[in-house]
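Let's take a walk through this fold, starting with the overall layout and then stopping at a few spots worth a closer look. Keep the viewer open as you read.

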Amino acid sequence: MGTTQLENVPEPKYWHLKTVLIDALDSEFEVGEILPNERDLAARFGVARATLRQALEQLELEGRLQRRRGVGTMVAPPRVGVSVGPSSGSWPGATGDAWRTVGCVEAAAPAAVADVLGTDTDEAVHTVRRVRSMGGQSVATELLYVPRASVPGLPGDLTPADHAPAVLRELHAVELDGDDRAVELGSARAEDAKQLDRLPGAPVLVVTTRYFSGGRVAAVAVATYRADTCRLTFGDSGAMEITHHGQERHAAAS
């Protein structure tokens, strides 16, 4: 069998540098330690700063490094297993839900969400913002989009403080047929980045959940998880963390 064109492509410089940096992280730096600045690192390894930046971005994506505003780039701890579970069979906000509600507004959903919900792009829907924390640190934010048609009994004179609880309460009165989830890699939007103490554009894991009732999509939740600290797990057996050195250990699902 002949070689493919891709097999003849040389390994990118930043990819080789990433391997060298991993060795340095494992042998010279401790978790939480701040790395030298880009100029010094580029000089040490004899590469252009653009090449170094590509390697650092890849290591951040893989959870080996974290960038903090006003602090710099530091060695990340092992990712924490965060269970998003199987289909839970319950609406958001149920007892034992790991999320904390922080607000609710009525606004048009993003076009992609409106398409899933079957609403017009300029139609206002109830948008509940929630936050998930572990160890005192925010690890995820969520926007739950609920069309007015899904909560027809919602009072029209709600105060801002009562808005989110009332939306969730009305959802729980509706029969849930089921839900499904999809996961993809994304970049942190400015608002989510601020909530998660990340830089805008930082890698994140986006979990989109569709909730079904009455043969239609009754609500959509878009959760944004920190890709540098979270390792999403599914199923009932609990989370499994894999450390940077390949050692496995079980952790209770959150």
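Six helices and twelve strands make up this protein, and keep in mind that you're looking at a predicted model. Of its 254 residues, 41% are buried. If you take the contacts between residues at least 6 apart in sequence, 63% of them join residues at least 24 apart.

Start with the helices near the beginning of the chain. Two packed helices are described by the angle between their axes and the distance between the axes, so let's use that here. Helix 1 (residues 13-28) and helix 3 (residues 49-61) have axes that come within 8 Å and cross at roughly 60°. That angle makes helix 1 oblique to helix 3, and the crossing is right-handed. On the helix 1 side, the contact is made by Lys13, Tyr14, Trp15, Leu17, Lys18, Leu21, Ile22 and Leu25. Helix 3 answers with Thr51, Leu52, Gln54, Ala55, Leu56, Gln58 and Leu59. Sort the residues of this contact by class and you get ten nonpolar, three polar and two charged. If the spacing along each helix catches your eye, recall that an α-helix has 3.6 residues a turn, so residues three or four places apart point the same way.

Helix 3 has a second partner. Its axis and that of helix 2 (residues 38-45) come within 9 Å and cross at roughly 105°, so helix 2 and helix 3 are roughly perpendicular to each other. Here Glu38, Arg39, Leu41 and Ala42 of helix 2 meet Arg49, Leu52, Arg53 and Leu56 of helix 3. The mix of classes in this contact is four nonpolar, no polar and four charged residues.

Now for the interior. The largest nonpolar core has 17 residues, and Trp91, Leu144, Val146 and Tyr211 have the most contacts inside it. Strand 6 (137-146), helix 5 (160-172) and strand 9 (216-226) each supply at least two of the core's residues. Helix 5 gives the most, with five. Apart from this core lies another one, of 14 residues, and Ile22, Ala42, Ala55 and Leu56 are among them.

Back to the 17-residue core for a look at Leu144. Setting aside neighbours within four places in sequence, Leu144 is in contact with Pro92, His126, Thr127, Val128, Leu168, Leu171, Tyr211, Ala219, Val220 and Ala221. Two of those partners, Leu168 and Leu171, also turn up among the buried residues of helix 5, together with His163, Ala164, Ala166 and Val167. What covers these buried helix 5 residues includes strand 4 (99-108), strand 5 (124-134) and strand 6.

One last stop: Asp197, in the loop between helix 6 (190-196) and strand 8 (203-213). What is odd about the backbone there? Most residues other than glycine have a negative phi, yet Asp197 has a positive phi of about 60°. With 28% relative accessibility, Asp197 counts as partly exposed. Beyond its neighbours within four places in sequence, Asp197 is in contact with Arg68, Arg69 and Arg226. Take Arg69: Asp197 sits 128 residues away in sequence, but the C-alpha to C-alpha separation is 7.7 Å.

Conventions. Residues are numbered from 1 along each chain as its sequence is written. This is a predicted model: local features need pLDDT of at least 70, side-chain atom pairs count only at pLDDT 80 or more; totals for chains, interfaces and linings use all residues. Side-chain values use heavy atoms; hydrogens and water are left out. Axes are lines fitted to C-alpha atoms, for helices over the stretch in contact, and angles run from 0 to 180 degrees between N-to-C directions. Helices (H or I, at least four residues) and strands (E, at least two) are DSSP runs, numbered from the N terminus. Angles under 35 degrees count as roughly parallel, over 145 as roughly antiparallel, 65 to 115 as roughly perpendicular and the rest as oblique. A crossing is left-handed if the near helix is turned anticlockwise from the far one by less than a right angle, and right-handed if clockwise. Contact means heavy atoms within 4.5 Å. Ala, Val, Leu, Ile, Met, Phe, Trp, Tyr, Cys and Pro count as nonpolar, Asp, Glu, Lys and Arg as charged, and the others, Gly among them, as polar. Buried means under 20% relative accessible area, exposed over 50%, partly exposed in between (1.4 Å probe, protein chains only). A nonpolar core is a set of buried Ala, Val, Leu, Ile, Met, Phe, Trp, Tyr and Cys residues joined through side-chain atoms within 4.5 Å.
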